[in-house]
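Colleague: Could you walk me through the aromatic residues and the nonpolar core of this model? I would like to see the reasoning behind each reply.

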Amino acid sequence: ITVTFFKSADYFKGFNIGHADFNTSGPDIVCAGVSSAAIMTANTITDVLHTDAEVTNSDGFINLSLSSAEAKEASHLIEGLWLHLSALQKQYKKYIKVIISEV
């Protein structure tokens, strides 16, 4: 899985995640763990914070992006996802690559 987090100088503004190919879809524990964390983050941002995030989830890819104003409110949630996936990266080095892209 390559996970790219988009960050401005002050806030995380989104992320993009693709499938790991650790195993076939379904029994792939790495992808399942990452997908679950990403979907929980996206759902919290959209359904709990009621932030107007742009979210796409299809064919093993999840993308979430926020405007600068929305990022201020939701950045800590995305930062939590970054911390979680960075820890998984240490455990599954062959299968997860976490990147921060400055925007």
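Colleague: Is Phe12 buried or exposed?
Modeller: Happy to help. This is a predicted model, where local features need pLDDT of at least 70, side-chain atom pairs count only at pLDDT 80 or more, and totals for chains, interfaces and linings use all residues. Residues are numbered from 1 along each chain as its sequence is written, and side-chain values use heavy atoms, with hydrogens and water left out. Buried means under 20% relative accessible area, exposed over 50%, and partly exposed in between (1.4 Å probe, protein chains only); with a relative accessible area of 3%, Phe12 is buried.

Colleague: What kind of aromatic pair do Phe12 and Trp82 form?
Modeller: Rings of Phe, Tyr and Trp (its six-membered ring) pair if their centres lie within 6.5 Å; planes under 30 degrees apart count as stacked, over 60 as edge-to-face and the rest as tilted. For Phe12 and Trp82, the centres are 5.9 Å apart and the angle between the planes is 35 degrees, and the pair is tilted.

Colleague: How many residues apart in sequence are the parts that this pair ties together?
Modeller: Helices (H or I, at least four residues) and strands (E, at least two) are DSSP runs, numbered from the N terminus. Phe12 lies in strand β2 (residues 12–17) and Trp82 in helix α2 (residues 68–91), so the parts tied together are apart in sequence by 70 residues.

Colleague: And how is Trp82 classed by accessibility?
Modeller: The relative accessibility of Trp82 is 24%. Trp82 therefore counts as partly exposed.

Colleague: Which residues form one aromatic cluster with Phe12?
Modeller: A search of the whole structure finds 3 aromatic pairs. In one of them, the ring centres of Phe5 and Phe12 are 6.0 Å apart with planes at 85 degrees, so this pair is edge-to-face. The cluster holds Phe12 together with Phe5, Phe15 and Trp82.

Colleague: Which element gives the largest share of the largest nonpolar core?
Modeller: A nonpolar core is a set of buried Ala, Val, Leu, Ile, Met, Phe, Trp, Tyr and Cys residues joined through side-chain atoms within 4.5 Å. The largest one has 25 residues, and those with the most contacts inside it include Phe5, Phe15 and Leu64. Two or more residues come from each of β1 (2–7), β2, α1 (29–48), β4 (61–65) and α2. The largest share, 7 residues, is given by α1.
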